[in-house]
Amino acid sequence: MTEPRDSALQVTDVPEARRYEARCGDEPAGIAEYIRTEELIAFVHTEVYPAYEGRGVGSALVRASLDRARKDGTAVLAVCPFYTAWIARHPEYQDLLYTKQSRVTD
């Protein structure tokens, strides 16, 4: 596992804003927006601010949010292309992905 390249980076869930926020000290570094239900969290948009690109901020956002989903027992729907690509490169998180379980039978 790789750690963010900036040791001062902190990732926090801000439920009232429906997003995770990454901060480097007092400076905002990026966000990961989501829609949450009781059993599912859909990550819909990730943004790393220009001054923090290439410093592991996006990966830190994804890792922290997925670790929290695992802890909470919440399935993940990766709508955001960054989340989809990141999870594809980290198979240890693929078990969190939401799979539709239809109850319809013929």
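The following paragraphs describe the fold of this predicted model, from its overall layout down to a few individual residues.

Taken as a whole, the chain contains two helices and five strands. Read from the N terminus, these elements follow one another as β-β-β-β-α-β-α. Of the 106 residues, 37% count as buried. The exposed area of the chain comes to about 6800 Å², with carbon and sulfur atoms supplying 50% of it. Among contacts with a separation of 6 or more, 40% are accounted for by residues 24 or more positions apart.

The sheet is a good place to begin a closer look. Its five strands form an open sheet in the order 1-2-3-4-5, and their pairing is mixed. Strand 1 (9–14) and strand 5 stand at the edges; each has a single partner strand, so one side of each is left without a neighbour in the sheet. From one strand to the next, the twist averages 25°. Strands of a sheet pair through backbone hydrogen bonds, in either a parallel or an antiparallel sense.

Two of the pairings can be followed in detail. Strand 1 and strand 2 are antiparallel and share six bridges; within this pair, valine 11 has alanine 22 of strand 2 as its bridge partner. Strand 2 (residues 19–24) also pairs with strand 3 (residues 27–36), again in the antiparallel sense and over six bridges. Here glutamate 21 stands opposite isoleucine 31 of strand 3.

The hairpin of strand 1 and strand 2 has four residues between the strands, and arginine 18 is found in this loop. Most residues other than glycine have a negative phi. Arginine 18, however, takes a positive phi near 55°. Arginine 18 counts as exposed because its relative accessibility is 54%, and the cut-off for that class is over 50%.

Both helices lie across strands of the sheet. Helix 1 (residues 57–72) lies across strand 1, strand 2, strand 3, strand 4 (40–48) and strand 5, and runs at about 165° to strand 4. Helix 2 lies across strand 3, strand 4 and strand 5, running at about 120° to strand 5.

Threonine 46 offers a view of the surroundings of one residue in strand 4. With a relative accessibility of 16%, threonine 46 falls under the 20% cut-off and therefore counts as buried. Beyond its neighbours within four places in sequence, threonine 46 is in contact with Ile31, Ala32, Leu61, Cys80, Phe82 and Tyr83. One of these contacts, Ile31, is the isoleucine that stands opposite glutamate 21.

At the surface, a nonpolar patch of about 410 Å² is made by Ile35, Val44, Leu77, Val79 and Tyr98. One of its members, valine 79, lies in the loop between strand 5 (75–78) and helix 2 (81–89). The relative accessibility of valine 79 is 47%, so this residue counts as partly exposed. Valine 79 thus contributes to the nonpolar patch from a loop position, whereas threonine 46 is buried.

Conventions
Residues numbered from 1 in each chain as written. Predicted model: local features only at pLDDT ≥ 70, side-chain atom pairs only at ≥ 80, totals over all residues. Heavy atoms only, no water. Patch = residues over 30% accessible without salt bridge, like charges linked within 9 Å, V, L, I, M, F, W, Y side chains within 5 Å. Areas by Shrake-Rupley, 256 points an atom, 1.4 Å probe, with all protein chains shown as cover. Salt bridge = Lys/Arg side-chain N within 4 Å of Asp/Glu carboxyl O. Buried < 20%, exposed > 50% of the residue type's maximum accessible area, 1.4 Å probe, protein only. Pairing = 2+ DSSP bridges. Axes fitted to C-alpha atoms, helices over the stretch in contact; angles between N-to-C directions. Contact = heavy atoms within 4.5 Å.
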